[in-house]
Amino acid sequence: MNTSLPTLDIAVGGMTCASCVMRVERALKQVAGVQDASVNLATESARITLAADATEEVDARLRRAVRSAGYEPRTAESAQVASANDSPWQGVGPVAAGLALSTPLLAPMLLEPFGFHAMLPPLWQLLLAAPVQFWLGARFYRAGWHAARALTGNMDLLVALGTSAAFGLSLWLWWRAGPGEMPHLYFEASAVVISLVLLGKWLETRAKRQATSAIRALQQLRPEVAHLVGPRSETDVPLAEVMAGDRLAVRPGERVPADAHVIEGQSEVDESMLTGEPLPVAKGPGDALTGGSVNGAGRLLVEVRAVGAESVLARIIRLVEDAQAAKAPIQRLVDKVSAVFVPAVLVIALLTLAGWLLAGAGTEAALVHAVAVLVIACPCALGLATPVAVMAGTGVAARRGILIKDARALELAHRVDTVAFDKTGTLTLGTPTLTGFVPASGGDADALLAVAASLQRGSGHPLAKAVLAAAAKQGIEAVAARDLQSPSGRGVRGFVGASEWAIASLRWCEELDARPDDAAVQRLQRQGATVSALLAFGAGGAPVVQALLAFSDEPKPQAAQAVAALRARGLRVVMISGDNRHAAQAMAARVGIAAEDVRAEVLPADKAAQVTALRTDAQGGVHVVAMVGDGANDAPALAAADVGIAMANGTDVAMEAAGITLMRGDLALVADALDLSARTVAKIRQNLFWAFAYNVIGIPFAAFGLLSPVVAGAAMAASSVSVMANALLLRRWRPSKG
């Protein structure tokens with residue numbers, strides 16, 4: 001699917017099985033202006049990719065196509081509101097009515113082996129079964145009729161055909177019975193099957209609400225009212241009226257209304273619902289706040305930075321919704337099977353009917369066995385197996401601070417055998433300091449540091465901040481430089497006063513034919529420092545090294561532990577850095593990465609090529625590579641990897657390129673994301689196994705007369721419920737560290 005094209009989401013009501021999914025997708029793809037369509041049974045939604053030249057009327061045409069296919073188009077907003085407002089017992093009325101009407105029909109059969117004969121007269125059986133068949137079961141007739149008109153099949157068609165056959169057979173046997181004769185009727189089969197299917201669908205709906213609870217919990221983080229601080233007083237305003245630049249008061253215990261930064265006050269803020277971090281974070285003037293986090297005991301005055309769709313919370317919700325609406329690659333197998341499943345079941349039912357008739361079993365027995373085949377073969381579980389596991393997996397990941405952008409990343413991550421880390425800001429704190437400033441012989445250290453600070457003035461690069469901080473610490477003032485140029489991965493060049501200067505990486509020094517003191521460079525590198533040179537350009541344009549700058553960064557506290565956890569899983573861990581080899585290997589040794597797995601002196605533009613090279617080895621073996629990075633220069637490498645993992649404290653570009661985003665800088669989340677992928681894929685495979693097993697085992701049993709329609713109905717309902725329940729076990733997942 002081409003993500004650069006516009007997309008549209010439509011909620012679709014009335015889908016019951018995988019065949020419905022195929023039918024809705026086919027109807028949507030036939031609409032002019034549609035590039036692709038993906039329908040998710042678990043979320044009851046369709047994501048449509050539109051062609052670039054799609055007209056404004058395409059939305060209306062899509063909804064009409066859904067309705068013409070026999071389903072109900074809804075707005076995504078109304079579906080979310082309905083889901084959020086539903087009580088756990090919503091929709092239980094028809095189920096309770098069906099069970100109440102069916103129990104008197106089924107009870108005599110259950111009591112008969114114990115010597116109790118209380119079979120109801122045929123008229124009473126008809127009066128109890130008819131409301132279930134034609135009132136509660138009307139939904140199956142409507143949906144089945146739409147499917148039949150479209151020359152397709154679905155679960156509703158199978159239920160309608162099976163129960164109608166049992167109901168009709170009962171009427172026929174009653175009509176043929178002589179006066180005073182008590183024929184064996186099958187009203188209980190039709191009524192109980194419909195009641196059990198309704199019970200199964202109701203349990204599915206409850207389970208879906210649990211699977212989507214992560215999104216609802218995130219949506220509920222938004223407070224309804226904000227305290228707007230005016231020139232003279234505070235005014236309570238609806239959150240929808242808050243704008244960027246407004247000043248708000250956040251009182252103790254309240255949720256932060258929008259993304260903001262603190263102007264006044266000190267407090268501790270609970271960000272656990274957004275980042276998974278259990279401990280409150282201290283906040284003071286200048287610190288950033290995320291909308292939805294909970295303020296502690298202090299009162300804060302904040303200035304709003306982003307609201308609405310641009311806020312971090314809105315983006316998190318959007319990412320989770322996108323992942324839950326997406327279709328995992330393994331679902332393609334299910335779609336292919338579903339396309340032929342229902343027609344195949346109808347053929348098997350007809351063959352069962354014909355086989356029993358040819359065997360001399362009689363019309364009654366043949367019809368009962370054919371009905372059992374129709375009832376047990378409903379492909380509900382098949383359609384739910386994959387999407388409900390994806391929903392549960394992405395939901396629990398979001399609660400733990402792991403945002404999974406698409407189902408492909410979730411499905412693929414468990415196969416990763418190589419993890420590549422960017423160094424600066426990912427493995428390290430990303431706040432280097434200037435630990436050494438070595439002027440050339442006879443140079444004035446303060447004057448040269450002033451030149452270096454002037455070149456870096458206004459830059460947001462971590463190394464530039466280190467230079468400026470060192471200059472400020474010594475009371476050195478930077479002046480404005482002009483005609484600045486910043487070749488990617490090389491340094492900065494410009495004029496300070498009338499002279500031309502540059503701060504250059506060692507690679508750029510070599511390209512410019514500038515020769516720093518090798519002994520001094522090696523001494524600094526052996527200490528683990530990243531070395532740059534301050535160059536002065538003479539009248540002829542030849543650069544001369546005036547000073548060496550040594551920068552040092554510290555590894556993140558949990559970096560070594562995270563690398564060890566990945567290696568314990570049998571994974572190869574690689575570090576990719578633009579630093580010189582000595583500095584890169586020194587940092588690698590501190591976090592537990594082998595020297596041979598260090599890729600040093602790599603320009604930003606070459607990181608993607610390094611990731612691509614890791615996907616094959618010298619023996620021709622193929623590897624699945626995850627790339628972990630945080631900067632804009634990591635975006636190509638994140639996109640080139642099989643699984644890109646971005647740090648949320650990095651840049652937006654990196655987050656957009658990655659399939660997985662870690663909401664806090666804890667590198668232990670990398671192993672957690674891979675583990676959660678493995679658990680989710682295991683649930684998908686278990687669900688598909690059981691969905692297929694129910695049918696592979698159940699259909700022959702029903703065809704050979706070993707299952708009654710009632711037992712078949714119970715098995716069919718149980719298959720859907722068991723698949724949902726198995727997927728929801730993912731909600732019990734906890735990180736390996738406890």
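**Exercise 1. A salt bridge from helix α22**

Arginine 590 has 45% relative accessibility and therefore counts as partly exposed. The model is a predicted one. Find the salt-bridge partner of arginine 590 and say which parts of the chain the pair ties together.

Solution.
- Step 1. The side chain of arginine 590 meets that of glutamate 554 in a salt bridge, at 2.8 Å from N to O.
- Step 2. Helix α22 (residues 581-591) holds arginine 590, while glutamate 554 lies in the loop between β21 (543-552) and α21 (559-568), so the bridge ties together parts that are 36 residues apart in sequence.
- Step 3. Glutamate 554 has a relative accessible area of 41%, so it is partly exposed.

**Exercise 2. Two further pairs**

Which residues form salt bridges with arginine 572 and with glutamate 72? Classify each residue of these pairs as buried, partly exposed or exposed.

Solution.
- Step 1. The partner of arginine 572 is aspartate 597, with the closest N and O atoms 2.9 Å apart.
- Step 2. Arginine 572 lies in strand β22 (residues 572-576) and aspartate 597 in the loop between α22 and β23 (598-599), so this pair ties together parts that are 25 residues apart in sequence.
- Step 3. Buried means under 20% relative accessible area. Aspartate 597 has 8% and is therefore buried. Arginine 572, at 32% relative accessibility, counts as partly exposed.
- Step 4. The partner of glutamate 72 is arginine 74, and here the closest N and O atoms are 3.7 Å apart. A salt bridge requires a side-chain nitrogen of Lys or Arg within 4 Å of a carboxyl oxygen of Asp or Glu, so the pair is counted.
- Step 5. Glutamate 72 is partly exposed, with a relative accessible area of 40%. Arginine 74 also counts as partly exposed, at 31% relative accessibility.

**Exercise 3. Salt bridges in the whole structure**

How many salt bridges does the structure hold, and which residues are linked in a network of them?

Solution.
- Step 1. The structure holds 19 salt bridges.
- Step 2. Glu234, Arg251 and Arg299 are linked in a network of salt bridges.

**Exercise 4. The sheet containing β20**

Give the strand order of the open sheet that contains β20 and name its edge strands.

Solution.
- Step 1. The order is β16-β21-β20-β19-β18-β17, an open sheet of 6 strands with antiparallel pairing.
- Step 2. β16 (433-439) and β17 (482-485) are the edge strands, as each pairs on one side only.
- Step 3. From one strand to the next, the twist averages 20°.
- Step 4. At the β17 edge, β17 and strand β18 (residues 491-496) pair in the antiparallel sense over 2 bridges. Glutamine 485 has arginine 493 in β18 as its bridge partner.
- Step 5. Helix α18 (residues 462-473) packs on the sheet and touches β16 and β21. The direction of α18 makes about 95° with that of β21.

**Exercise 5. Strand β20 and its neighbours**

Is strand β20 (residues 530-537) largely enclosed or largely open? Describe its pairing on both sides.

Solution.
- Step 1. In β20, 8 of the 8 residues are buried, so the strand is largely enclosed by the rest of the structure.
- Step 2. Thr530, Ser532, Leu534 and Ala536 point one way, whereas Val531, Ala533, Leu535 and Phe537 point the other way; all are buried.
- Step 3. With strand β19 (residues 499-505), β20 pairs in the antiparallel sense over 6 bridges. Leucine 535 in β20 is the bridge partner of alanine 502.
- Step 4. With β21, β20 pairs in the antiparallel sense over 8 bridges. Phenylalanine 551 in β21 stands opposite threonine 530.
- Step 5. The hairpin of β20 and β21 has 5 residues between the strands, and glycine 541 takes a positive phi near 90° there.

**Exercise 6. Two loop residues**

Arginine 664 and leucine 706 are both found in loops. Which of them is buried, and which is exposed?

Solution.
- Step 1. Arginine 664 is in the loop between β26 (660-662) and α26 (668-703). At 14% relative accessibility, it counts as buried.
- Step 2. The C-alpha atom of arginine 664 is separated by 9.9 Å from that of arginine 400, and the two residues are 264 residues apart along the chain.
- Step 3. Leucine 706 is in the loop between α26 and α27 (709-728). Its relative accessible area is 59%, so leucine 706 is exposed.
- Step 4. Leucine 706 belongs to a nonpolar surface patch with Val696, Ile697, Phe701 and Phe704; together they have about 560 Å² of accessible area.

Key:
Residues are numbered from 1 along each chain as its sequence is written. This is a predicted model: local features need pLDDT of at least 70, side-chain atom pairs count only at pLDDT 80 or more; totals for chains, interfaces and linings use all residues. Side-chain values use heavy atoms; hydrogens and water are left out. Helices (H or I, at least four residues) and strands (E, at least two) are DSSP runs, numbered from the N terminus. Buried means under 20% relative accessible area, exposed over 50%, partly exposed in between (1.4 Å probe, protein chains only). Two strands pair if DSSP finds at least two bridges between them. Axes are lines fitted to C-alpha atoms, for helices over the stretch in contact, and angles run from 0 to 180 degrees between N-to-C directions. Contact means heavy atoms within 4.5 Å. Patches are made of residues with over 30% relative accessible area and no salt bridge: like charges are joined within 9 Å, nonpolar side chains (Val, Leu, Ile, Met, Phe, Trp, Tyr) within 5 Å. Accessible areas come from the Shrake-Rupley method with a 1.4 Å probe; for residues, only the protein chains shown count as cover.
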